[in-house]
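Biologist: Please take me through this structure one element at a time, giving the cut-off behind each term as it comes up.

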Amino acid sequence: MITIKTDREIDGIRRAGAVLAGVHRGLRNIIKPGISSWEIEEFTRQYISDHHAHASEMGFEGYQYATCVSVNDEVAHAEPRKDLILHDGDIVAVDMCVDKDGYISDSCWNYAVGNISPEAQKLMDVTKKALYLGIDQAVVGNRIGDIGHAIQQYTEVENGYGDVRELIGHGIQPTMHEAPNVPHYGKPGHGLRLKAGMTITIEPMITTGTWEIVAKEDPKTNWEYYVTADGSLCAQYEHTIAITNDGPKILTSQDPEYDAKYL
């Protein structure tokens with residue numbers, strides 16, 4: 001069932017999104033060569049606690065952490081690890097959900113570790129732009145397929161990248177994962193029609209190679225996560241947005257100037 005949110009509910013998600021955005025802004029100063037991905041987890045937990053919120057992923061379907069920290073060819077759902085040290089040239093995606101006063105936000109951001117290659121930088125730039133091209137299609141009267149088509153056209157057709165199929169965006173609130181599904185590929189004019197009051201995530205995962213992914217298991221914890229099937233790099237950016245009569249509104253914005261038209 002898809003729930004239509006009131007202005008009050010959207011404001012609540014925005015407050016949760018402000019905490020989440022604050023984590024991501026803080027991680028810009030944390031992520032550097034030589035730290036472990038566990039230090040990202042520690043910073044995130046402390047920041048969320050200090051802002052009287054809760055890390056929604058902790059305890060969800062057996063997951064024990066506040067963050068998913070995916071490095072280089074890791075696509076999604078990778079655990080933060082004390083023995084995973086970040087090196088100059090790595091790229092790392094940090095995904096998390098924050099619950100504040102019963103309202104949930106979800107956002108992933110990609111970070112460069114030290115000096116990265118032009119290939120890695122282009123991948124990050126294209127993936128971030130793809131997110132915003134998808135957001136631009138999230139308007140009343142459009143369909144889910146319009147969002148996915150805009151992302152797929154830019155990433156796969158125009159740039160020759162892989163656009164991951166198996167992992168997709170989703171509705172959000174009152175739980176982390178609600179209807180509708182929001183694929184990052186599709187046909188324009190197809191799929192569910194978008195209505196004011198829907199709250200969704202758009203979260204393209206884009207690779208420098210194939211769009212196919214494979215499951216991998218951490219032998220220490222038996223946790224399953226995903227990597228690219230061909231070992232290529234993967235980047236991800238994600239925002240939680242509200243669909244309104246005044247256009248799409250980003251509820252997890254980190255940069256009021258950059259996102260001015262969506263606030």
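Biologist: Which residues of helix H3 are buried?

Modeller: Helices and strands here are DSSP runs numbered from the N terminus (H or I of at least four residues for a helix, E of at least two for a strand), and a residue is called buried under 20% relative accessible area, exposed over 50% and partly exposed in between, with a 1.4 Å probe and protein chains only. This is a predicted model, in which local features need pLDDT of at least 70 and side-chain atom pairs count only at pLDDT 80 or more, while totals for chains, interfaces and linings use all residues. Residues are numbered from 1 along each chain as its sequence is written, and side-chain values use heavy atoms, with hydrogens and water left out. On that basis the buried residues of H3 are Ala 120, Leu 123, Met 124, Val 126, Thr 127, Ala 130, Leu 131, Tyr 132, Gly 134 and Ile 135.

Biologist: What distance does H3 reach from its first C-alpha to its last?

Modeller: The expected span of a helix is 1.5 Å times one less than its number of residues, which for the 19 residues of H3 comes to 27 Å. The model lies close to that expectation, since H3 reaches from first to last C-alpha a distance of 27 Å.

Biologist: At about what angle does H3 run to S13?

Modeller: Helix H3, residues 118-136, lies across both S10 and S13. Axes are lines fitted to C-alpha atoms, for helices over the stretch in contact (heavy atoms within 4.5 Å), and angles run from 0 to 180 degrees between N-to-C directions. Measured against no other strand than S13 here, the angle is about 35 degrees.

Biologist: What is the strand order of the open sheet that holds S10?

Modeller: Two strands are said to pair if DSSP finds at least two bridges between them. By that criterion 3 strands form this open sheet, with antiparallel pairing, in the order S6-S10-S13.

Biologist: Which strands stand at its edges?

Modeller: An edge strand has a single partner strand, so one side of it is left without a neighbour in the sheet. That holds here for strand S6 (162-163) and strand S13 (234-236).

Biologist: Which residue in S13 is the bridge partner of Thr 207?

Modeller: Strand S10, residues 205-207, runs antiparallel to S13 and is joined to it by 3 bridges. Within this pairing, Thr 207 has as its bridge partner Cys 234.

Biologist: Where does Thr 199 lie, and which backbone oxygen does its side chain reach?

Modeller: Thr 199 belongs to strand S9, residues 199-202, and counts as buried because its relative accessibility is 2%. A polar contact is a pair of N or O atoms within 3.5 Å, where within protein one must be able to donate a hydrogen and the other to accept it, and residues adjacent in sequence count only if both atoms are side-chain atoms. The side chain of Thr 199 makes such a contact with the side chain of Lys 5 at 3.0 Å. At 2.7 Å, it also reaches the backbone oxygen of Ile 172.

Biologist: How far apart in sequence are Asp 83 and Lys 220, which form a salt bridge?

Modeller: A salt bridge is a side-chain nitrogen of Lys or Arg within 4 Å of a carboxyl oxygen of Asp or Glu, and the closest N and O atoms of Asp 83 and Lys 220 are 2.6 Å apart. Asp 83 sits in the loop between S3 and strand S4 (91-100) and Lys 220 in the loop between S11 and S12, a separation of 137 residues.

Biologist: Is Glu 41, the partner of Arg 45 in another salt bridge, buried or exposed?

Modeller: The side chains of Glu 41 and Arg 45 meet at 2.7 Å, N to O, and both residues lie in helix H2 (residues 37-50), 4 residues apart, about one turn of the helix. Arg 45 counts as partly exposed, at 31% relative accessibility. Glu 41, at 0%, counts as buried.

Biologist: Which residue in S4 stands opposite Ser 70?

Modeller: Strand S2, residues 67-71, is largely enclosed by the rest of the structure because 5 of its 5 residues are buried, with Thr 67, Val 69 and Val 71 on one side and Cys 68 and Ser 70 on the other. S2 and S4 run antiparallel and are joined by 5 bridges. Opposite Ser 70 in S4 stands Ala 93.
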